[in-house]
Amino acid sequence: MQVASRAIFPVGEPEQRPYSVPQKGKAKDPERSLAESRRRAAAKVRDIALCNSFQYMFTWTLNGKLIDRYNAEQIYKKVRAFLTNAVQRKGFEYIAIPELHDLDEHGGRAIHLHGLCKLGAVPIERAVSPEGKMLTDKSGRPVFNMTSWAWGFSTCVPLDEHYERATSYVTKYITKGEEKIFGKWYLCSRNLIKKPDIVTLEPISYNDFRDENKLKVHIQNETEIYPSVYMISEELPELESEKNE
C-alpha cells in the first residue's frame, strides 16, 4: 500500500489535451521539453524497479583499449549484443541507465552504465583487491564482478532490505542526465512488469498513516518521488482469501 503526501493520480475520465504535441525536436522550449522527458523516464524507471524484485545493483565501465569509451553508437551495439545474449540464453533481467563521466584529461566524457538486475545464469565472482582481499562496499556488502562483461570493469552488489533506497539511487542517474546517450534514457529487458496495477482507495491522511516506529524498522519506507512530494510504502498482510487462491 502506498500513501502520498499530495494527490498524484488523476480522478475521473482522462481529459483530451487542449494542445497539439510538437514533433520530435520541434518543441518551442527545448530545455523544458527535455526536462519533462527526463521526468517521465525517471518515473518509468522507478515503476519498473519497484514492480520487479531485482537482486543486484551493477555498474559497467569501459576499457579504452578495447572500445572507444566516448563513441555512443559503437558502445550501444556492443551493449545490445551483450544484453540480447544474456537475456535469451541466460535469463538475465535488467534495467540499465547510461551515464557520462565527468570531463577527463582528454577533455572527453566517457560512458558507463548503472543498473539493477536478476542474474539468471550470468556468472559472477567475488571482487578481490590487488592484495588478495575480498572487497566489500561501504555497507559491508560483498562486491562481485560480472565475469561475462568483456568491455571493461564491472561491479555487482547484492541488494538488501533498503530496496527503495537502491531504486532512488539508480533513478537519480536519469534525473541528473543531460542527454539521451543512446537515444534513450534507459534500457530494460522486455520480460519485466512495466507499471503497477493501481487501485485508488478513499483518501488516507498521510500524516496519520506515517508511523515513525515502522519507518525505523523499515516496515514503512518513505521516498521523495517528486520535489516536495513524498510517498509512504508499506506491504500489508496477505488476506486469508488471497493465500488460498
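Student: Where does His-218 have its place, in terms of the helix and the strand on either side?

Tutor: Helices (H or I, at least four residues) and strands (E, at least two) are DSSP runs, numbered from the N terminus, and His-218 has its place in the loop between helix H5 (212-216) and strand E9 (220-226). This is a predicted model, in which local features need pLDDT of at least 70 and side-chain atom pairs count only at pLDDT 80 or more, while totals for chains, interfaces and linings use all residues. Residues are numbered from 1 along each chain as its sequence is written, and side-chain values use heavy atoms, with hydrogens and water left out.

Student: What is the sign of phi in His-218, and is the residue buried, partly exposed or exposed?

Tutor: Phi of His-218 is near 65°, a positive value in a residue other than glycine. For accessibility, buried means under 20% relative accessible area, exposed over 50%, and partly exposed in between, with a 1.4 Å probe and protein chains only; His-218, at 32%, therefore counts as partly exposed.

Student: Which residue in the hairpin of E9 and E10 takes a positive phi, and how many bridges join the two strands?

Tutor: Two strands pair if DSSP finds at least two bridges between them, and here E9 and E10, which run antiparallel, are joined by 6 bridges. One of the partnerships is that of Asn-221 with Ser-233 in E10. The hairpin has 2 residues between the strands, and Ser-228 takes a positive phi near 65° in it, although Ser-228 is not a glycine. The place of Ser-228 is in the loop between E9 and strand E10 (229-234), and because its relative accessibility is 53%, Ser-228 counts as exposed.

Student: How should I read a residue in a strand, and what is Glu-93 in contact with?

Tutor: In a regular strand the side chains alternate between the two faces of the sheet. Glu-93 has its place in strand E3 (residues 93-100) and, at 17% relative accessibility, counts as buried. Contact means heavy atoms within 4.5 Å, and, leaving aside neighbours within four places in sequence, Glu-93 is in contact with Phe-54, Leu-116, Cys-117, Lys-118, Ser-189, Asn-191 and Leu-192. Asp-102, by contrast, lies in the loop between E3 and strand E4 (111-118) and is exposed, with a relative accessible area of 63%; not counting residues up to four places away in sequence, Asp-102 touches Gly-108 and Arg-109.

Student: How many aromatic pairs does the count come to?

Tutor: Rings of Phe, Tyr and Trp (its six-membered ring) pair if their centres lie within 6.5 Å, and planes under 30 degrees apart count as stacked, over 60 as edge-to-face and the rest as tilted; by this rule the count comes to 9 aromatic pairs. The rings of Trp-60 and Phe-82 have centres 5.1 Å apart and planes at 85°, so this pair is edge-to-face. Trp-60 lies in strand E2 (residues 56-60) and Phe-82 in helix H2 (residues 72-90), so the pair ties together parts that are 22 residues apart in sequence, and both Trp-60 and Phe-82 are buried. The rings of Phe-82 and Trp-149, with centres 5.3 Å apart and planes at 90°, are edge-to-face. This pair links distant parts of the chain, with Phe-82 in helix H2 and Trp-149 in the loop between strand E6 (144-146) and strand E7 (154-158), 67 residues apart.

Student: Which residues form one aromatic cluster?

Tutor: The cluster is formed by Phe-58, Trp-60, Phe-82, Phe-92, Tyr-94 and Trp-149.
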